[in-house]
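Student: I would like to learn how to read a model of this kind, feature by feature. Could we begin with a strand and its surroundings, and then move outward to the whole chain?

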Amino acid sequence: MHGLFLHCRPGFESECASEIQARAAALDVSGYCKAKTGAAYAVFVTTDGADAEKLHLSLPFTELIFTRQWFRILALANDLQITDRISGLVAACGTDSQRADELVLETADTNEGKELQALCRKIERPLRSALISAVHLQQTDTHPTRRLHVCFMSTTAAYVGIADCVNSSPYPMGIPRLRFPGGAPSRSTLKLEEALLTFLSPDERASELRSGMRAVDLGAAPGGWTWQLLQRGMQVIAVDNGAMAPALLESGLVEHRREDGFHFRPETPVDWMVCDIVEQPIRIAELASRWLCDGWCRRTVFNLKLPMKKRYQEVMLCLERVEQHLTQAGLGYRLACKQLYHDREEVTVFVSLQ
Ligand code: SAM
């Protein structure tokens, strides 16, 4: 079997499938998708391994919105012996001549997947030793470049595949395990933390999010996103008719404005605008475009809430709209969009003017 294995949020398999099909077609790679609702993954099947490899190497992982993690499939080992799964998994690595230098055992992000994680933990050490002996895996002291994925579907079946470490998520199953910060007023705080981790490099986080910078948080209450900006020493105008957590207001760095986020505009331009208002996605896309095109901010993170049926098409429409506005205004920009692990029925968009 040849193709790509794509992890996604449970319930977003058809969006993940639509996206990879569109991206593959644009690269002239033919194939079809297998995606079952609730399975938390999709498989893009190609006619041969070369097509799968072409897609995996030429498509930047960071451009995929609905894929959390991916790997190129070497085999589906679906008749593993309960008494000796290791031989079957080693055999599934086949004759791929290049060795991997990292191993990850994983499952789909479902309840069934969680039940298989004990098996992953149990098998990891003996499997690692067997893979090293069979020269499918080598130990390295430097940054790993090729990751071997073993993704259990059941106690007797697993997809085995390879990922390029640079062109995939650094997190197992694409899930960054962030700890909820005690002082933050809402769990939403993790969405902005993950967004900043995903869209900015460590250097950019140091230079673009620092003390003295100013931000506007639209739809700020109770203040989980504002809290993230405060942690970085920034001053925040929090726009929301709802109440902000008192501790944030006591910091002296937050100005709370009980106004409509769609009408508010800052007296002077700010560095960042972030927006978590629950509204029609296209209205949010228009709002963010206006902030950028009118020079009210240079960087933005905003969420597009997706309760409707045609979620993939809606995201594409919103992103095209933002890009049209920025291009018409003659602005250079970097735009990225991802369904983050901490996102629910939504995706997060980042835009930075160049
Ligand atoms: N990001 C916030 C946090 O981390 O705590 C949570 C925001 S919550 C999902 C959405 C917020 O948007 C609500 O507090 C709501 O009052 C606010 N909201 C909805 N419509 C708004 C509007 N037109 N202008 C400003 N805020 C709005």
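Student: How many of the 6 residues of strand 3 (residues 41-46) are buried?

Tutor: Before the count, some ground rules: this is a predicted model, in which local features need pLDDT of at least 70 and side-chain atom pairs count only at pLDDT 80 or more, while totals for chains, interfaces and linings use all residues. Residues are numbered from 1 along each chain as its sequence is written, and side-chain values use heavy atoms, with hydrogens and water left out. Helices (H or I, at least four residues) and strands (E, at least two) are DSSP runs numbered from the N terminus, and a residue is buried under 20% relative accessible area, exposed over 50% and partly exposed in between, with a 1.4 Å probe and protein chains only. In strand 3, 6 of the 6 residues are buried, so the strand is largely enclosed by the rest of the structure.

Student: Which residues point one way from strand 3, and which the other way?

Tutor: In a regular strand the side chains alternate between the two faces of the sheet. Here Tyr41, Val43 and Val45 point one way, whereas Ala42, Phe44 and Thr46 point the other way, and all are buried.

Student: Which strands pair with strand 3, and in what sense?

Tutor: Two strands pair if DSSP finds at least two bridges between them. Strand 1 (residues 3-7) pairs with strand 3 in the antiparallel sense over 5 bridges, with His7 standing opposite Tyr41. Strand 2 (residues 31-35) is also antiparallel to strand 3, to which 5 bridges join it; in that pairing Lys34 stands opposite Val43, and Tyr32 has Val45 as its bridge partner.

Student: What do strand 2 and strand 3 form, and which residue in the turn has a positive phi?

Tutor: They form a hairpin with 5 residues between them, and Gly38 in the turn has a positive phi of about 90 degrees.

Student: Which residues have a positive phi although they are not glycines, and where is there a cis peptide bond?

Tutor: Most residues other than glycine have a negative phi, and most peptide bonds are trans. Val135 has a positive phi of about 50 degrees although it is not a glycine, and its place is in the loop between helix 5 (117-133) and strand 6 (146-154). Met173, likewise not a glycine, has a positive phi of about 60 degrees; Met173 lies in the loop between strand 7 (157-164) and helix 6 (189-199), and at 8% relative accessibility it counts as buried. The cis bond joins Ala221 and Pro222, with omega about 0 degrees, and Pro222 is found in the loop between strand 8 (214-218) and helix 8 (224-231).

Student: Is Gly223, in the loop between strand 8 and helix 8, buried or exposed?

Tutor: At 0% relative accessibility, Gly223 counts as buried. A contact means heavy atoms within 4.5 Å, and, leaving aside neighbours within four places in sequence, Gly223 is in contact with Pro185, Met244 and Leu248. Its C-alpha atom is separated by 9.7 Å from that of Leu249, 26 residues apart along the chain.

Student: Which residues is Leu190 in contact with, leaving aside its neighbours within four places in sequence?

Tutor: Leu190, which is found in helix 6 and counts as buried at 1% relative accessibility, is in contact with Leu178, Arg179, Phe180, Pro181 and His342. Phe180 is 10 residues apart from Leu190 in sequence and 6.8 Å apart in space, C-alpha to C-alpha.

Student: What is the radius of gyration of the protein chain, and what would a compact globule have?

Tutor: The radius is taken over C-alpha atoms, and the globule rule is 2.2 Å times the number of residues to the power 0.38. With 354 residues, a compact globule would have a radius near 20 Å, and the protein chain has 22 Å, which agrees. The C-alpha trace spans about 65 × 45 × 35 Å along its principal axes, and the chain has 11 helices and 14 strands. Buried residues make up 53% of the 354 residues, and among contacts with a separation of 6 or more, residues 24 or more positions apart account for 65%.
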